[in-house]
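Student: I have a structure open and would like to learn how to read it. Could you walk me through it, feature by feature?

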Amino acid sequence: MKSLKVAVFGLGFVGLTTAVGFAKKGFDVTGYEIDKNKALLLNDGKIPFHEEGLPEALNDVLGKKLKITNDVTEALKEAKIIFYCIGTPMSEDGSADLNFLLNALRTTAQNLDKCQKEPILVIKSTVPPSSCKEVFIPHLESLGLSVGQKCHLVNNPEFLREGFAYSDFMNPDRVVIGSQDAQIFQELEELYKPFNSPIFFTSLNTGEFIKYLSNTTLSLNISYANEMSMIAQNIGNIDIISAFKILHSDKRFSGNPSGITSYLYPGMGFGGYCLPKDTLALYKKSKDKGYEAKILNDILKVNDEILDFYAYKIQKEVSKDKKIAILGLSFKPGSDDVRDTKSATLISKLLNLGFENIYAYDPIANDVFAKTYDYKLYYKNSLDEIVSECDVLVVATAWMEFKPLIERQDKIVYNLRWIK
């Protein structure tokens, strides 16, 4: 393979960290900075922002493995992999402003002859899901570039904390690369191999989505903790700091992976005896004390809406005469507890939508479910029996014996517990 030459557009805290990090791993890197004064400053080994460990690393590679320039043709000369670390500021309406990225891609297209054959253009900037497919690829093709032939476009989201970006870059816990049809690029594997981190090749939309999934999960946790502190203060006589410290000692929040990953995962919603009852009770108590807990209220709303979403999805995609198997009746695997089980709610919604051929099977909860809910169902006593008779399989409880069914091509399968 021809020597990997890397170019990095934009030398803010993400771009400079990226350029320095790859140079430290022995790759030839050219960093392009449109701001001439900033480029001069960086060429003097000075960084106009604080990043722990980055100044020393910059001066270690500057003029050796790393070149910094204000000349775009110099940056692109013989480049095989081009990273775009360019800001996507918030527009007035709250959407991401992609114009700076579009300009950088236009500049690249105009100078593509300077690059190696079929260069890989890597969007490292944070961009909304579908940006590559719906914005950047059409933009490049409008400039005469056939993406997938004359060049390739991928996204490679960054997971860097300001102030600790260099350490995070050099010690990643995962590398995500979104590409068309989840294509695996040997050049990118070679580039990231020295970092000894798992590399995940995904679709373009998935790669972009993962970054937003990460950031919004953090946002949710912060706002949720703040809402809970306001609930506590309105109720009174609660040691908030102690309460949160004790929460952190929950074994579900520790380990690798931590047990919380089974909760931070999509499905049909939460049921059972505790979670619905306790979430609603705390919401009511908070409201009685004068504080409207909006996140708690929305938690309950989404928990109801997810089943409407799936019921209408099935109605749209499945004819009423099909035999539908509901696989799993207890509210969670390993239990025969059917109190407030989401399987019952889904069955009720499907019956109300006019589905009559509904079959049911659970490894241990058939009898208790039949005694608890007065639904007209056809119960089956084995998995093989229900699968052989039904056209549509709905995984409603995450029993692991259902996992092999997920890949069945001869059935319509709805993996509503998203068994991994």
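Tutor: Happy to! Let's begin with empty space inside the protein. A search of the whole structure finds 1 cavity of 30 Å³ or more. Do keep in mind that this is a predicted model.

Student: How much space lies in the largest cavity, and which residues line it?

Tutor: The largest cavity holds about 50 Å³ of space. Its lining is made of Ile123, Ser125, Thr126, Val127, Asn155, Asn156, Pro157, Gly207, Glu208 and Lys211. By type, that lining divides into 3 nonpolar, 5 polar and 2 charged residues. Helix α9 (residues 204-235) gives the largest share of the lining, 3 residues.

Student: Now let me step back. How many helices and strands does the protein have?

Tutor: The secondary structure comes to 15 helices and 13 strands. The C-alpha trace spans about 75 × 60 × 40 Å along its principal axes. Of the 420 residues in the protein, 45% are buried.

Student: How should I read a single strand, and what do the two faces of β1 look like, covered or open?

Tutor: Here is the general idea: in a regular strand, side chains alternate between the two faces of the sheet. Now the case here. Strand β1 covers residues 5-9, and 5 of its 5 residues are buried. Lys5, Ala7 and Phe9 lie on one side and Val6 and Val8 on the other, with both faces covered.

Student: And which strands does β1 pair with?

Tutor: Generally, the strands of a sheet pair through backbone hydrogen bonds, in a parallel or an antiparallel way. In this model, β1 runs parallel to strand β2 (residues 28-32), and 5 bridges join the two. As one example, Lys5 has Asp28 as its bridge partner in β2. Between these strands the chain passes through helix α1 (residues 13-24), making a right-handed β-α-β crossover. β1 also pairs with strand β4 (residues 81-84), in the parallel sense and over 4 bridges. There, Val8 has Phe83 as its bridge partner, while Phe9 stands opposite Tyr84.

Student: Which way do the residues of β4 point, and are they buried or exposed?

Tutor: Ile81 and Phe83 point one way from β4, Ile82 and Tyr84 point the other way, and all are buried. β4 also pairs with strand β5 (residues 120-123), in the parallel sense over 4 bridges. Across that pairing, Phe83 stands opposite Val122. The chain gets from β4 to β5 through α5, and this β-α-β crossover is right-handed too.

Student: You mentioned α1. Thr17 lies in that helix. Why does Thr17 count as buried?

Tutor: The cut-off for buried is under 20% relative accessible area. Thr17 counts as buried because its relative accessibility is 0%. Its side chain reaches the backbone oxygen of Phe13 at 2.5 Å.

Student: For contrast, why does Pro198 count as partly exposed?

Tutor: Partly exposed is the range between the buried cut-off of under 20% and the exposed cut-off of over 50%. Pro198 has 42% relative accessibility, so it counts as partly exposed. This proline lies in the loop between α8 (186-192) and β8 (199-203). If you want a sense of distance, Pro198 and Ile82 are 116 residues apart in sequence and 21 Å apart in space, C-alpha to C-alpha.

Student: Now for pockets. What lines the second largest pocket?

Tutor: That pocket has about 500 Å³ of space. It is lined by 23 residues, and Phe9, Gly10, Cys85, Ile86 and Gly87 lie nearest its centre. The elements giving two or more residues to this lining are α1 and α5 (99-110). α5 contributes the largest share, 4 residues. The lining residues divide into 10 nonpolar, 9 polar and 4 charged.

Student: One more feature: how do I read the order of strands in a sheet, say the open one of 5 strands?

Tutor: Read the order from one edge across to the other. Here it is β11-β10-β9-β12-β13, with parallel pairing. β11 (378-379) and β13 (412-415) stand at the edges with a single partner strand each, so one side of each has no neighbour in the sheet. Within the sheet, strand β9 (residues 324-327) runs parallel to strand β10 (residues 358-361), joined by 4 bridges. In that pairing, the partner of Ile326 in β10 is Ala360.

Technical notes
Residues are numbered from 1 along each chain as its sequence is written. This is a predicted model: local features need pLDDT of at least 70, side-chain atom pairs count only at pLDDT 80 or more; totals for chains, interfaces and linings use all residues. Side-chain values use heavy atoms; hydrogens and water are left out. Buried means under 20% relative accessible area, exposed over 50%, partly exposed in between (1.4 Å probe, protein chains only). Two strands pair if DSSP finds at least two bridges between them. A crossover is right-handed if, with the strands pointing away from the viewer, the path from the first strand over the helix to the second runs clockwise. On a 1 Å grid over the protein atoms alone, a cavity is a set of points where a 1.4 Å probe fits but cannot get out, and a pocket is an open set with protein on both sides within 12 Å along at least five of seven lines; lining residues have an atom within 4 Å of a point. Grid points are joined across faces, edges and corners, and a volume is the space filled by probe spheres set on the points. Ala, Val, Leu, Ile, Met, Phe, Trp, Tyr, Cys and Pro count as nonpolar, Asp, Glu, Lys and Arg as charged, and the others, Gly among them, as polar. A polar contact is a pair of N or O atoms within 3.5 Å; within protein, one must be able to donate a hydrogen and the other to accept it, and residues adjacent in sequence count only if both atoms are side-chain atoms.
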